[in-house]
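Q: Can we go through the terms used for this protein and its ligand? Please set each value against its definition.

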Amino acid sequence: MSALKILVIPGSLRTGSLNARLAAAAAHQFAQAGAEVSRLSLADFPLPIYDGDLQSKSGVPKHAVNLKRMIGAHHGVLIVTPEYNSSVPPLVKNTIDWVSRVQDGQEVRGEVFRERAFAIAAASESRLGGTRSLAALRLILAACQATVIPHQLALSFAGEAYDDMDRLKHPADIEALNALVRQMIDISQHEVR
Ligand SMILES: Cc1cc2nc3c(=O)[nH]c(=O)nc-3n(C[C@H](O)[C@H](O)[C@H](O)COP(=O)(O)O)c2cc1C
């Protein structure tokens, strides 16, 4: 059986991003659990704000196609998103919107969402830990007919949650991340051929 491949996508470009740090902690945890993990930066896949005229004129941007292919090369995807005004930031929504428009060769559009498991996590300085952003992201991914695993992690008070190595330091947070990782591996196993 080939190794289980997990892609981790932080939904923030900000230097010192709390969500990029959570993505790093999660990637470490997936690797500890035996998965082959890739972690990307959306800075490497810059996309204009979605505009149907732009798509009609120039097609879907190459970066969206490349990101779709990157996702397609993994059995499971973890998106780690900030919360902006109780929802997902434009970076995350816009990226999903463009990827959902990719028509790659003989593939049916949106297949990349339907054929693998997604997990979601958020980090915020607030007590709610980005819960509302997760609810919004779950809805968006469901609209793309993705399987979104039941376990999720909303990391509260995230500014105080990491040690010097960017690992989670509170036992309850570590257990919540481990539960997500275990369930993601269980569900993604079905994608391994
Ligand atoms: C426009 C904007 C809206 C925000 N709204 C929320 C919010 O609704 N809930 C929340 O917990 N944090 C909110 N925040 C704070 C972000 O969670 C915080 O800036 C966080 O550090 C962003 O994630 P990052 O560190 O990964 O970049 C908001 C920040 C911005 C810039």
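A: Start with the polar contact: a pair of N or O atoms within 3.5 Å; within protein, one must be able to donate a hydrogen and the other to accept it, and residues adjacent in sequence count only if both atoms are side-chain atoms. This is a predicted model, where local features need pLDDT of at least 70, side-chain atom pairs count only at pLDDT 80 or more, and totals for chains, interfaces and linings use all residues. Residues are numbered from 1 along each chain as its sequence is written, and side-chain values use heavy atoms, with hydrogens and water left out.

Q: Why is the pair between Ser-126 and the ligand called a polar contact?
A: A polar side-chain atom of Ser-126 is 3.2 Å from a ligand oxygen atom. The cut-off is 3.5 Å, so the pair counts. For Ser-124 the distance to a ligand oxygen is 2.6 Å. For Asn-19 it is 2.8 Å.

Q: How much of the ligand does the protein bury?
A: The protein buries 70% of the 610 Å² that the ligand exposes when taken alone. Such areas come from the Shrake-Rupley method with a 1.4 Å probe; for residues, only the protein chains shown count as cover.

Q: What makes a residue part of the shell around the ligand?
A: One of its heavy atoms must lie within 4 Å of the ligand. There are 13 such residues, and Ser-12, Arg-14, Ser-17, Glu-83 and Ser-124 come nearest. The shell has 3 nonpolar, 7 polar and 3 charged residues. Here Ala, Val, Leu, Ile, Met, Phe, Trp, Tyr, Cys and Pro count as nonpolar, Asp, Glu, Lys and Arg as charged, and the others, Gly among them, as polar.

Q: Why is the link between Asp-166 and Arg-21 called a salt bridge?
A: The term needs a side-chain nitrogen of Lys or Arg within 4 Å of a carboxyl oxygen of Asp or Glu. The closest N and O atoms of Asp-166 and Arg-21 are 2.7 Å apart, so the pair qualifies. Side chains of opposite charge can pair when their charged atoms come close.

Q: What makes this pair a link between distant parts of the chain?
A: The two residues are 145 residues apart. Arg-21 sits in helix α1 (residues 18–32), and Asp-166 in the loop between β6 (153–155) and α7 (171–188). Helices (H or I, at least four residues) and strands (E, at least two) are DSSP runs, numbered from the N terminus. In total, the structure holds 7 salt bridges.
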